[in-house]
Amino acid sequence: MSPDEFRRLGHFLIDWIADYHAGLEGRAVQSFGPPGTVLAAMPQRLAEEAGTGDTWKEMLAFVDGTVTSNLLHWQSPRFFGYFPCNASFPGILGEILAAGLNVNGMLWATSPAATEVEMRCTDWMADLIGLPGEFTFENPGANGQGGGCIAGTASESTLVSLLAARGRLRERGSDVHAMTVYASRHAHSSIVKAAMIAGLADGPEDRRRVRLIECDDVHRMDADALGRAIRADVAAGLVPGWVCATIGMTSSESVDSLVEIRRVVPEEVWLHADAAFTGAALVCEEHRWMIEGVERADSVCFNPHKWLLTNFDCDCFWTRDRASLVRALSVLPEYLRNSATEAGAVVDYRDWQIPLGRRFRALKLMFVLRHYGREGLRAHVRAHIAAAAWLEQQVHASEYFEMASPRVTSLVCLCCAEGDDATRRVMEAINSSGRAFVSHTMLPDESGRERFVMRVAIGGTATRLEHVKELWALMCECAR
Ligand code: PLP
(Lines give C-alpha, C1' and ligand atoms only; values in the text may rest on other atoms or scores of the structure.)
Protein backbone atom coordinates (compact mmCIF):
# COMPACT_ATOMS: atom_id res chain seq x y z
CA MET A 1 0.00 0.00 0.00
CA SER A 2 1.42 3.38 -0.94
CA PRO A 3 1.56 6.17 1.65
CA ASP A 4 -1.02 8.11 -0.40
CA GLU A 5 -3.41 5.18 -0.46
CA PHE A 6 -2.89 4.76 3.29
CA ARG A 7 -3.70 8.45 3.82
CA ARG A 8 -6.87 8.19 1.72
CA LEU A 9 -8.11 5.01 3.41
CA GLY A 10 -7.10 6.37 6.80
CA HIS A 11 -9.29 9.47 6.32
CA PHE A 12 -12.12 7.26 5.20
CA LEU A 13 -11.75 5.00 8.23
CA ILE A 14 -11.63 7.87 10.73
CA ASP A 15 -14.82 9.24 9.16
CA TRP A 16 -16.33 5.79 9.35
CA ILE A 17 -15.45 5.45 13.03
CA ALA A 18 -16.88 8.89 13.83
CA ASP A 19 -20.08 7.97 11.94
CA TYR A 20 -20.28 4.61 13.72
CA HIS A 21 -20.17 6.34 17.11
CA ALA A 22 -22.68 9.00 16.01
CA GLY A 23 -25.03 6.27 14.77
CA LEU A 24 -24.95 4.17 17.93
CA GLU A 25 -27.78 6.12 19.51
CA GLY A 26 -30.18 4.78 16.89
CA ARG A 27 -28.73 1.28 16.50
CA ALA A 28 -29.88 -1.90 18.26
CA VAL A 29 -27.39 -2.62 21.05
CA GLN A 30 -27.28 -6.29 20.24
CA SER A 31 -27.87 -7.67 16.79
CA PHE A 32 -26.43 -10.91 15.64
CA GLY A 33 -27.21 -13.86 13.47
CA PRO A 34 -26.87 -17.48 14.63
CA PRO A 35 -23.39 -19.01 15.19
CA GLY A 36 -21.49 -19.34 11.91
CA THR A 37 -23.12 -16.31 10.25
CA VAL A 38 -19.84 -14.42 9.91
CA LEU A 39 -17.86 -17.52 8.99
CA ALA A 40 -20.32 -18.21 6.18
CA ALA A 41 -19.82 -14.69 4.85
CA MET A 42 -16.07 -15.25 4.39
CA PRO A 43 -14.38 -17.52 1.83
CA GLN A 44 -13.06 -20.73 3.30
CA ARG A 45 -9.61 -20.27 1.71
CA LEU A 46 -7.55 -17.15 1.22
CA ALA A 47 -7.12 -16.25 -2.47
CA GLU A 48 -3.64 -16.66 -3.94
CA GLU A 49 -3.49 -13.22 -5.52
CA ALA A 50 -2.81 -9.96 -3.66
CA GLY A 51 -5.57 -7.42 -3.08
CA THR A 52 -6.49 -4.60 -5.46
CA GLY A 53 -8.40 -1.36 -4.93
CA ASP A 54 -11.60 -3.37 -5.22
CA THR A 55 -10.46 -5.65 -2.43
CA TRP A 56 -10.44 -2.65 -0.09
CA LYS A 57 -13.93 -1.67 -1.19
CA GLU A 58 -15.07 -5.23 -0.48
CA MET A 59 -13.36 -5.41 2.90
CA LEU A 60 -14.79 -2.10 4.05
CA ALA A 61 -18.24 -3.13 2.87
CA PHE A 62 -17.80 -6.39 4.81
CA VAL A 63 -16.95 -4.43 7.98
CA ASP A 64 -19.82 -2.01 7.43
CA GLY A 65 -22.27 -4.84 6.83
CA THR A 66 -21.46 -8.29 8.20
CA VAL A 67 -19.13 -7.22 10.99
CA THR A 68 -21.18 -4.41 12.48
CA SER A 69 -24.40 -6.37 12.25
CA ASN A 70 -22.83 -9.18 14.28
CA LEU A 71 -21.55 -7.19 17.24
CA LEU A 72 -22.62 -6.44 20.73
CA HIS A 73 -22.24 -2.66 20.60
CA TRP A 74 -20.26 -2.02 23.76
CA GLN A 75 -19.99 1.67 22.88
CA SER A 76 -23.75 2.14 22.68
CA PRO A 77 -25.01 4.61 25.30
CA ARG A 78 -27.61 1.96 26.18
CA PHE A 79 -25.06 -0.78 26.87
CA PHE A 80 -25.27 -1.62 30.60
CA GLY A 81 -23.94 -5.19 30.58
CA TYR A 82 -20.94 -6.76 32.33
CA PHE A 83 -18.85 -3.60 32.93
CA PRO A 84 -18.21 -0.52 30.82
CA CYS A 85 -15.51 -0.78 28.16
CA ASN A 86 -14.87 2.90 27.51
CA ALA A 87 -13.57 4.10 24.19
CA SER A 88 -13.02 7.82 23.70
CA PHE A 89 -11.80 9.80 20.73
CA PRO A 90 -8.54 10.75 22.55
CA GLY A 91 -8.12 7.06 23.44
CA ILE A 92 -8.73 5.97 19.84
CA LEU A 93 -6.20 8.53 18.59
CA GLY A 94 -3.67 7.19 21.08
CA GLU A 95 -4.27 3.66 19.76
CA ILE A 96 -3.78 4.84 16.19
CA LEU A 97 -0.54 6.57 17.10
CA ALA A 98 0.75 3.53 18.96
CA ALA A 99 -0.05 1.39 15.91
CA GLY A 100 1.63 3.93 13.63
CA LEU A 101 4.85 4.02 15.66
CA ASN A 102 4.62 0.32 16.46
CA VAL A 103 7.69 0.27 18.69
CA ASN A 104 8.30 -2.60 21.07
CA GLY A 105 8.99 -1.17 24.52
CA MET A 106 10.18 -4.40 26.08
CA LEU A 107 13.33 -2.72 27.42
CA TRP A 108 14.09 0.91 28.15
CA ALA A 109 16.80 0.62 25.47
CA THR A 110 14.33 -0.54 22.82
CA SER A 111 12.42 2.78 23.03
CA PRO A 112 13.17 4.99 26.03
CA ALA A 113 10.11 7.17 25.38
CA ALA A 114 7.77 4.19 25.62
CA THR A 115 9.09 3.38 29.09
CA GLU A 116 9.34 6.90 30.42
CA VAL A 117 5.90 8.06 29.21
CA GLU A 118 4.48 4.98 30.93
CA MET A 119 6.38 5.71 34.15
CA ARG A 120 5.12 9.28 34.21
CA CYS A 121 1.53 8.34 33.32
CA THR A 122 1.31 5.67 36.02
CA ASP A 123 2.70 8.18 38.52
CA TRP A 124 0.09 10.73 37.40
CA MET A 125 -2.63 8.13 37.70
CA ALA A 126 -1.45 7.05 41.17
CA ASP A 127 -1.70 10.66 42.29
CA LEU A 128 -5.08 11.07 40.59
CA ILE A 129 -6.63 8.14 42.45
CA GLY A 130 -4.99 8.93 45.79
CA LEU A 131 -2.39 6.17 46.04
CA PRO A 132 0.45 6.97 48.44
CA GLY A 133 3.85 7.95 47.05
CA GLU A 134 5.19 4.48 47.92
CA PHE A 135 3.53 3.24 44.71
CA THR A 136 5.24 5.79 42.48
CA PHE A 137 8.62 6.18 40.84
CA GLU A 138 8.83 9.83 41.81
CA ASN A 139 8.34 9.49 45.58
CA PRO A 140 8.88 5.79 46.14
CA GLY A 141 9.15 5.89 49.93
CA ALA A 142 11.90 4.67 52.19
CA ASN A 143 12.68 1.44 50.33
CA GLY A 144 12.61 3.17 46.93
CA GLN A 145 10.79 0.26 45.34
CA GLY A 146 7.55 1.83 44.17
CA GLY A 147 6.27 2.18 40.65
CA GLY A 148 3.57 1.31 38.18
CA CYS A 149 3.16 -0.11 34.71
CA ILE A 150 0.40 -0.65 32.18
CA ALA A 151 -0.64 -4.25 31.77
CA GLY A 152 -3.18 -5.53 29.30
CA THR A 153 -5.74 -6.65 31.86
CA ALA A 154 -6.42 -6.96 35.58
CA SER A 155 -6.08 -10.73 35.19
CA GLU A 156 -2.45 -10.29 34.15
CA SER A 157 -1.80 -8.01 37.12
CA THR A 158 -3.32 -10.57 39.46
CA LEU A 159 -1.04 -13.25 38.07
CA VAL A 160 2.15 -11.19 38.21
CA SER A 161 1.43 -10.05 41.75
CA LEU A 162 0.92 -13.68 42.79
CA LEU A 163 4.22 -14.62 41.12
CA ALA A 164 6.00 -11.74 42.85
CA ALA A 165 4.57 -12.91 46.18
CA ARG A 166 5.79 -16.44 45.53
CA GLY A 167 9.24 -15.15 44.55
CA ARG A 168 9.45 -13.14 47.76
CA LEU A 169 8.47 -16.16 49.83
CA ARG A 170 11.12 -18.26 48.12
CA GLU A 171 13.79 -15.62 48.78
CA ARG A 172 12.81 -15.63 52.45
CA GLY A 173 13.44 -19.36 52.59
CA SER A 174 9.81 -20.56 52.69
CA ASP A 175 8.62 -23.71 50.98
CA VAL A 176 6.68 -22.27 48.03
CA HIS A 177 5.22 -25.70 47.25
CA ALA A 178 3.17 -25.22 50.41
CA MET A 179 2.02 -21.71 49.44
CA THR A 180 -1.66 -20.87 49.91
CA VAL A 181 -3.63 -17.97 48.45
CA TYR A 182 -6.85 -16.27 49.58
CA ALA A 183 -9.67 -14.18 48.15
CA SER A 184 -13.35 -13.72 48.77
CA ARG A 185 -15.77 -16.29 47.42
CA HIS A 186 -17.21 -13.51 45.26
CA ALA A 187 -13.79 -12.49 43.87
CA HIS A 188 -13.23 -12.51 40.15
CA SER A 189 -12.50 -15.80 38.38
CA SER A 190 -9.08 -14.46 37.34
CA ILE A 191 -7.85 -15.24 40.86
CA VAL A 192 -8.53 -18.94 40.57
CA LYS A 193 -7.16 -18.84 37.04
CA ALA A 194 -3.92 -17.20 38.26
CA ALA A 195 -3.60 -19.94 40.88
CA MET A 196 -4.10 -22.56 38.16
CA ILE A 197 -1.45 -20.97 35.94
CA ALA A 198 0.95 -20.70 38.89
CA GLY A 199 0.53 -24.41 39.60
CA LEU A 200 -1.36 -23.90 42.87
CA ALA A 201 -4.56 -25.51 41.62
CA ASP A 202 -5.16 -28.43 39.29
CA GLY A 203 -8.45 -27.00 38.13
CA PRO A 204 -11.07 -24.38 39.02
CA GLU A 205 -12.47 -26.48 41.87
CA ASP A 206 -9.14 -27.48 43.47
CA ARG A 207 -9.10 -25.88 46.92
CA ARG A 208 -5.96 -27.47 48.35
CA ARG A 209 -4.01 -24.22 48.02
CA VAL A 210 -6.76 -21.76 47.14
CA ARG A 211 -9.11 -20.50 49.86
CA LEU A 212 -12.25 -18.66 48.84
CA ILE A 213 -13.41 -16.96 52.01
CA GLU A 214 -16.99 -16.44 53.14
CA CYS A 215 -18.53 -13.00 52.86
CA ASP A 216 -20.72 -10.90 55.11
CA ASP A 217 -24.32 -10.01 54.23
CA VAL A 218 -23.19 -7.25 51.85
CA HIS A 219 -20.75 -9.52 50.02
CA ARG A 220 -17.50 -8.24 51.59
CA MET A 221 -14.82 -10.75 52.52
CA ASP A 222 -15.23 -11.72 56.17
CA ALA A 223 -11.86 -10.72 57.65
CA ASP A 224 -12.31 -12.89 60.74
CA ALA A 225 -12.96 -15.93 58.55
CA LEU A 226 -9.86 -15.01 56.55
CA GLY A 227 -7.81 -14.82 59.75
CA ARG A 228 -9.09 -18.23 60.85
CA ALA A 229 -8.23 -19.77 57.47
CA ILE A 230 -4.71 -18.35 57.59
CA ARG A 231 -4.13 -19.61 61.14
CA ALA A 232 -5.46 -23.06 60.25
CA ASP A 233 -3.15 -23.25 57.24
CA VAL A 234 -0.13 -22.23 59.29
CA ALA A 235 -1.04 -24.86 61.87
CA ALA A 236 -1.25 -27.44 59.07
CA GLY A 237 2.27 -26.56 57.88
CA LEU A 238 1.16 -24.57 54.84
CA VAL A 239 2.59 -21.17 53.92
CA PRO A 240 0.08 -18.33 53.41
CA GLY A 241 1.63 -16.19 50.68
CA TRP A 242 -0.87 -13.99 48.86
CA VAL A 243 -4.23 -12.41 49.57
CA CYS A 244 -6.37 -10.59 47.03
CA ALA A 245 -8.79 -7.96 48.30
CA THR A 246 -11.39 -6.80 45.82
CA ILE A 247 -12.36 -3.15 45.62
CA GLY A 248 -15.59 -3.45 43.69
CA MET A 249 -16.63 -7.08 43.38
CA THR A 250 -17.67 -8.10 39.87
CA SER A 251 -21.11 -9.35 40.86
CA SER A 252 -22.13 -6.75 43.44
CA GLU A 253 -19.46 -4.00 43.55
CA SER A 254 -18.96 -4.71 47.25
CA VAL A 255 -15.68 -3.43 48.71
CA ASP A 256 -13.37 -5.57 50.83
CA SER A 257 -11.82 -3.62 53.69
CA LEU A 258 -8.05 -3.38 53.29
CA VAL A 259 -7.76 -2.24 56.91
CA GLU A 260 -9.68 -5.25 58.22
CA ILE A 261 -7.85 -7.63 55.94
CA ARG A 262 -4.40 -6.36 56.92
CA ARG A 263 -5.44 -6.69 60.56
CA VAL A 264 -5.52 -10.48 60.10
CA VAL A 265 -2.92 -10.88 57.36
CA PRO A 266 0.71 -10.87 58.52
CA GLU A 267 2.94 -8.21 56.91
CA GLU A 268 5.03 -10.84 55.13
CA VAL A 269 1.99 -12.03 53.17
CA TRP A 270 1.59 -10.12 49.89
CA LEU A 271 -1.68 -8.17 49.77
CA HIS A 272 -3.01 -7.31 46.31
CA ALA A 273 -5.97 -4.96 45.78
CA ASP A 274 -7.98 -5.62 42.62
CA ALA A 275 -10.05 -2.53 41.80
CA ALA A 276 -10.53 -3.42 38.13
CA PHE A 277 -13.85 -1.65 37.53
CA THR A 278 -14.53 0.47 40.59
CA GLY A 279 -11.01 1.92 40.80
CA ALA A 280 -12.06 4.62 38.34
CA ALA A 281 -14.29 6.15 41.03
CA LEU A 282 -11.18 6.86 43.10
CA VAL A 283 -10.52 9.91 40.92
CA CYS A 284 -13.16 11.50 43.19
CA GLU A 285 -12.04 12.09 46.75
CA GLU A 286 -15.45 11.17 48.15
CA HIS A 287 -14.86 7.55 47.08
CA ARG A 288 -11.35 7.15 48.50
CA TRP A 289 -12.75 5.44 51.60
CA MET A 290 -12.72 2.34 49.42
CA ILE A 291 -8.92 2.14 49.58
CA GLU A 292 -8.41 3.09 53.19
CA GLY A 293 -5.40 1.05 54.32
CA VAL A 294 -3.91 0.79 50.81
CA GLU A 295 -0.54 1.96 52.14
CA ARG A 296 -0.18 -1.54 53.59
CA ALA A 297 -1.05 -3.34 50.36
CA ASP A 298 1.83 -4.60 48.24
CA SER A 299 0.18 -4.10 44.87
CA VAL A 300 -2.92 -2.48 43.39
CA CYS A 301 -4.52 -2.49 39.98
CA PHE A 302 -7.46 -0.97 38.16
CA ASN A 303 -8.59 -0.74 34.55
CA PRO A 304 -8.84 2.69 32.92
CA HIS A 305 -10.13 0.61 29.98
CA LYS A 306 -13.30 -0.11 31.89
CA TRP A 307 -14.66 3.17 33.16
CA LEU A 308 -11.98 5.80 32.62
CA LEU A 309 -12.24 6.67 28.95
CA THR A 310 -9.15 4.75 27.83
CA ASN A 311 -9.49 2.25 25.03
CA PHE A 312 -8.97 -1.41 25.75
CA ASP A 313 -6.39 -2.56 26.75
CA CYS A 314 -5.13 -0.55 29.69
CA ASP A 315 -4.79 -1.89 33.21
CA CYS A 316 -2.69 0.18 35.62
CA PHE A 317 -0.71 -1.93 38.07
CA TRP A 318 1.38 -0.54 40.91
CA THR A 319 3.58 -2.12 43.52
CA ARG A 320 5.54 -0.93 46.54
CA ASP A 321 7.99 -3.79 46.00
CA ARG A 322 9.11 -3.80 42.42
CA ALA A 323 12.38 -5.50 43.38
CA SER A 324 10.48 -8.69 44.28
CA LEU A 325 8.41 -8.44 41.10
CA VAL A 326 11.43 -7.98 38.87
CA ARG A 327 13.41 -10.77 40.54
CA ALA A 328 10.45 -13.12 40.12
CA LEU A 329 10.07 -12.41 36.40
CA SER A 330 13.51 -11.51 35.13
CA VAL A 331 15.57 -13.68 32.78
CA LEU A 332 18.37 -11.90 30.93
CA PRO A 333 19.64 -13.66 27.82
CA GLU A 334 22.67 -12.33 25.97
CA TYR A 335 20.63 -10.87 23.12
CA LEU A 336 18.80 -8.49 25.48
CA ARG A 337 21.88 -7.28 27.36
CA ASN A 338 22.57 -3.57 27.06
CA SER A 339 24.52 -0.98 28.99
CA ALA A 340 21.48 0.84 30.44
CA THR A 341 20.09 -2.37 31.92
CA GLU A 342 23.46 -3.43 33.22
CA ALA A 343 24.03 -0.06 34.89
CA GLY A 344 20.73 -0.61 36.74
CA ALA A 345 19.74 2.90 35.73
CA VAL A 346 16.50 2.13 33.95
CA VAL A 347 13.14 0.38 34.26
CA ASP A 348 12.81 -2.56 31.86
CA TYR A 349 9.11 -3.28 31.73
CA ARG A 350 9.59 -6.78 30.26
CA ASP A 351 10.41 -7.77 33.87
CA TRP A 352 6.95 -6.66 35.03
CA GLN A 353 4.95 -9.02 32.83
CA ILE A 354 4.70 -12.49 31.31
CA PRO A 355 5.52 -11.72 27.65
CA LEU A 356 8.68 -10.05 26.45
CA GLY A 357 7.16 -7.66 23.91
CA ARG A 358 4.91 -4.80 24.86
CA ARG A 359 2.83 -2.14 23.15
CA PHE A 360 3.14 1.61 23.63
CA ARG A 361 -0.13 1.77 25.60
CA ALA A 362 0.91 4.83 27.57
CA LEU A 363 0.22 7.12 24.61
CA LYS A 364 -3.53 6.59 24.80
CA LEU A 365 -3.47 6.96 28.57
CA MET A 366 -1.49 10.21 28.27
CA PHE A 367 -3.95 11.54 25.67
CA VAL A 368 -6.89 10.70 27.94
CA LEU A 369 -5.35 12.12 31.10
CA ARG A 370 -4.23 15.36 29.48
CA HIS A 371 -7.29 15.83 27.29
CA TYR A 372 -9.89 15.41 30.04
CA GLY A 373 -7.79 16.61 32.97
CA ARG A 374 -8.61 15.82 36.57
CA GLU A 375 -11.95 17.64 36.52
CA GLY A 376 -13.10 16.08 33.25
CA LEU A 377 -12.40 12.58 34.56
CA ARG A 378 -14.19 13.31 37.82
CA ALA A 379 -17.20 14.70 35.94
CA HIS A 380 -17.37 11.54 33.79
CA VAL A 381 -17.50 9.28 36.84
CA ARG A 382 -19.79 11.50 38.92
CA ALA A 383 -22.41 11.75 36.17
CA HIS A 384 -22.67 7.96 36.03
CA ILE A 385 -22.83 7.61 39.79
CA ALA A 386 -25.63 10.18 39.91
CA ALA A 387 -27.52 8.26 37.21
CA ALA A 388 -27.06 5.03 39.18
CA ALA A 389 -28.39 6.74 42.31
CA TRP A 390 -31.43 7.87 40.31
CA LEU A 391 -32.06 4.30 39.14
CA GLU A 392 -31.66 2.97 42.67
CA GLN A 393 -34.34 5.42 43.87
CA GLN A 394 -36.75 4.16 41.20
CA VAL A 395 -36.10 0.57 42.27
CA HIS A 396 -36.73 1.43 45.93
CA ALA A 397 -40.00 3.11 45.00
CA SER A 398 -41.13 0.25 42.80
CA GLU A 399 -43.35 -2.63 43.88
CA TYR A 400 -42.18 -4.91 41.13
CA PHE A 401 -38.38 -4.58 41.44
CA GLU A 402 -36.06 -4.65 44.44
CA MET A 403 -32.36 -4.01 45.01
CA ALA A 404 -30.39 -7.25 45.26
CA SER A 405 -27.31 -5.64 46.78
CA PRO A 406 -26.52 -2.17 48.14
CA ARG A 407 -25.29 0.23 45.43
CA VAL A 408 -21.69 1.37 45.92
CA THR A 409 -20.95 3.57 42.87
CA SER A 410 -22.39 2.93 39.43
CA LEU A 411 -23.46 -0.72 39.44
CA VAL A 412 -27.13 -1.33 40.21
CA CYS A 413 -28.06 -4.93 41.03
CA LEU A 414 -31.77 -5.56 41.01
CA CYS A 415 -34.26 -8.34 40.67
CA CYS A 416 -37.99 -8.90 40.42
CA ALA A 417 -39.79 -9.39 43.74
CA GLU A 418 -41.72 -12.23 42.06
CA GLY A 419 -38.54 -14.35 41.76
CA ASP A 420 -35.90 -15.64 39.40
CA ASP A 421 -38.15 -16.58 36.49
CA ALA A 422 -39.59 -13.10 36.35
CA THR A 423 -36.14 -11.48 36.53
CA ARG A 424 -34.84 -13.73 33.77
CA ARG A 425 -37.88 -12.99 31.62
CA VAL A 426 -37.49 -9.22 32.04
CA MET A 427 -33.79 -9.38 31.22
CA GLU A 428 -34.39 -11.44 28.10
CA ALA A 429 -37.12 -9.05 26.97
CA ILE A 430 -34.82 -6.03 27.46
CA ASN A 431 -31.95 -7.61 25.56
CA SER A 432 -34.00 -8.99 22.71
CA SER A 433 -35.64 -5.58 22.20
CA GLY A 434 -32.25 -4.19 21.12
CA ARG A 435 -33.15 -0.99 23.02
CA ALA A 436 -30.71 -1.70 25.86
CA PHE A 437 -28.41 -4.43 27.10
CA VAL A 438 -27.97 -5.67 30.68
CA SER A 439 -26.30 -8.81 32.03
CA HIS A 440 -26.82 -11.00 35.07
CA THR A 441 -25.20 -12.73 38.02
CA MET A 442 -26.24 -14.85 41.00
CA LEU A 443 -26.15 -13.29 44.48
CA PRO A 444 -27.37 -14.64 47.81
CA ASP A 445 -30.38 -12.97 49.44
CA GLU A 446 -30.68 -12.35 53.23
CA SER A 447 -31.45 -16.02 53.83
CA GLY A 448 -28.42 -17.13 51.81
CA ARG A 449 -30.47 -18.41 48.87
CA GLU A 450 -28.76 -17.67 45.54
CA ARG A 451 -30.96 -15.63 43.26
CA PHE A 452 -30.83 -14.47 39.66
CA VAL A 453 -29.92 -10.79 39.54
CA MET A 454 -29.77 -8.19 36.76
CA ARG A 455 -26.62 -6.10 36.77
CA VAL A 456 -26.94 -2.61 35.36
CA ALA A 457 -23.42 -1.23 34.96
CA ILE A 458 -23.70 2.49 34.23
CA GLY A 459 -20.47 3.85 32.80
CA GLY A 460 -20.50 4.04 28.99
CA THR A 461 -18.60 6.96 27.49
CA ALA A 462 -21.80 8.26 25.86
CA THR A 463 -24.22 7.10 28.59
CA ARG A 464 -26.20 9.91 30.21
CA LEU A 465 -29.04 10.08 32.72
CA GLU A 466 -31.56 10.17 29.86
CA HIS A 467 -30.38 6.70 28.71
CA VAL A 468 -30.81 5.34 32.22
CA LYS A 469 -34.32 6.83 32.29
CA GLU A 470 -35.07 5.08 28.99
CA LEU A 471 -33.75 1.83 30.44
CA TRP A 472 -35.99 2.17 33.47
CA ALA A 473 -39.03 2.83 31.26
CA LEU A 474 -38.13 -0.25 29.20
CA MET A 475 -37.69 -2.37 32.33
CA CYS A 476 -41.10 -1.36 33.60
CA GLU A 477 -42.62 -2.05 30.19
CA CYS A 478 -40.99 -5.52 30.04
CA ALA A 479 -42.19 -6.30 33.57
CA ARG A 480 -45.85 -5.67 32.74
N1 PLP B 1 -11.28 -8.21 38.60
C2 PLP B 1 -12.49 -7.68 38.77
C3 PLP B 1 -12.93 -7.24 40.14
C4 PLP B 1 -13.34 -7.50 37.67
O5 PLP B 1 -14.56 -6.98 37.84
C6 PLP B 1 -12.89 -7.88 36.40
C7 PLP B 1 -13.78 -7.66 35.25
O8 PLP B 1 -14.37 -8.42 34.67
C9 PLP B 1 -11.63 -8.46 36.28
C10 PLP B 1 -10.85 -8.60 37.40
C11 PLP B 1 -11.09 -8.93 34.98
O12 PLP B 1 -10.63 -7.85 34.23
P13 PLP B 1 -9.70 -8.05 32.98
O14 PLP B 1 -10.57 -8.39 31.84
O15 PLP B 1 -9.01 -6.73 32.83
O16 PLP B 1 -8.75 -9.15 33.28
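Which side chains meet Asp 313 in a salt bridge, and what is the distance from N to O? In this predicted model, the partner of Asp 313 is Arg 359, and the N to O distance is 2.7 Å. Arg 359 sits in the loop between helix 12 and helix 13, while Asp 313 sits in the loop between helix 10 and strand 9, so the salt bridge ties together parts that are 46 residues apart in sequence. Arg 359 is partly exposed, at 35% relative accessibility. Asp 313, at 13%, counts as buried because the limit for buried is under 20%.

**Backbone around Asp 313**

Asp 313 also takes part in a cis peptide bond, which joins it to Phe 312 with an omega of about 5°. The loop that holds Asp 313 runs between helix 10 (304–307) and strand 9 (315–319). Leu 309 lies in the loop between helix 10 and strand 9 as well. Leu 309 has a positive phi of about 65° although it is not a glycine, and it is buried, with a relative accessibility of 2%.

Another residue with a positive phi is Tyr 82, at about 40°, and it is not a glycine either. Tyr 82 belongs to the loop between strand 2 (71–72) and helix 4 (89–101). Its relative accessible area is 37%, so Tyr 82 is partly exposed. For context, most residues other than glycine have a negative phi, and most peptide bonds are trans.

**Overall form**

The protein contains 15 helices and 13 strands. Its radius of gyration is 24 Å, close to the 23 Å that the globule rule gives for 480 residues, so the protein is as compact as a globular protein of that length. The C-alpha trace spans about 65 × 60 × 45 Å along its principal axes. Of the 480 residues, 53% are buried. Among contacts with a separation of 6 or more, 74% are between residues 24 or more positions apart. The accessible surface comes to about 21,500 Å², and carbon and sulfur atoms account for 55% of that area.

**Salt bridges**

The count of salt bridges is 37. The table gives three of them.

| Pair | Closest N to O distance |
|---|---|
| Arg 358 and Glu 118 | 2.8 Å |
| Arg 359 and Asp 313 | 2.7 Å |
| Glu 392 and Arg 407 | 2.8 Å |

Arg 358 forms a salt bridge with Glu 118. This pair links distant parts of the chain, 240 residues apart: Arg 358 is in the loop between helix 12 (339–343) and helix 13 (362–397), and Glu 118 is in helix 5 (residues 112–128). Arg 358 and Glu 118 are both buried.

Glu 392 pairs with Arg 407 in a salt bridge. Here the separation is 15 residues, with Glu 392 in helix 13 and Arg 407 in the loop between strand 10 (401–403) and strand 11 (411–416). Glu 392 is buried, with a relative accessible area of 16%, whereas Arg 407 is partly exposed, at 21%.

Salt bridges also link a set of residues into a network: Arg 168, Arg 262, Glu 267, Arg 296, Asp 298, Arg 320 and Asp 321.

**Nonpolar cores and surface**

In soluble globular proteins, nonpolar side chains tend to be buried together. The largest nonpolar core of this model has 65 residues, and the members that touch the most others are Met 125, Leu 131, Leu 226, Val 243, Trp 318 and Val 381. Helix 13 supplies the largest share of this core, eight residues. Leaving aside residues up to four places away in sequence, Val 243 touches Tyr 182, Met 221, Leu 226, Ile 230, Ile 261, Val 265, Val 269, Trp 270, Leu 271 and His 272. A second core, separate from the largest, has 38 residues, including Phe 137, Ala 154, Leu 162 and Leu 325.

Which residues make a nonpolar patch on the surface? Met 1, Phe 6, Trp 56 and Met 59 do, over an area of about 440 Å². Met 59 is part of helix 3 (residues 53–67). With a relative accessible area of 38%, Met 59 is partly exposed.

Technical notes. Residues numbered from 1 in each chain as written. Predicted model: local features only at pLDDT ≥ 70, side-chain atom pairs only at ≥ 80, totals over all residues. Heavy atoms only, no water. Patch = residues over 30% accessible without salt bridge, like charges linked within 9 Å, V, L, I, M, F, W, Y side chains within 5 Å. Areas by Shrake-Rupley, 256 points an atom, 1.4 Å probe, with all protein chains shown as cover. Salt bridge = Lys/Arg side-chain N within 4 Å of Asp/Glu carboxyl O. Helix = DSSP H or I, 4+ residues; strand = E, 2+ residues; numbered from the N terminus. Buried < 20%, exposed > 50% of the residue type's maximum accessible area, 1.4 Å probe, protein only. Rg over C-alpha atoms; globule rule 2.2 N^0.38 Å. Contact = heavy atoms within 4.5 Å. Core = buried A, V, L, I, M, F, W, Y, C linked by side-chain atoms within 4.5 Å.
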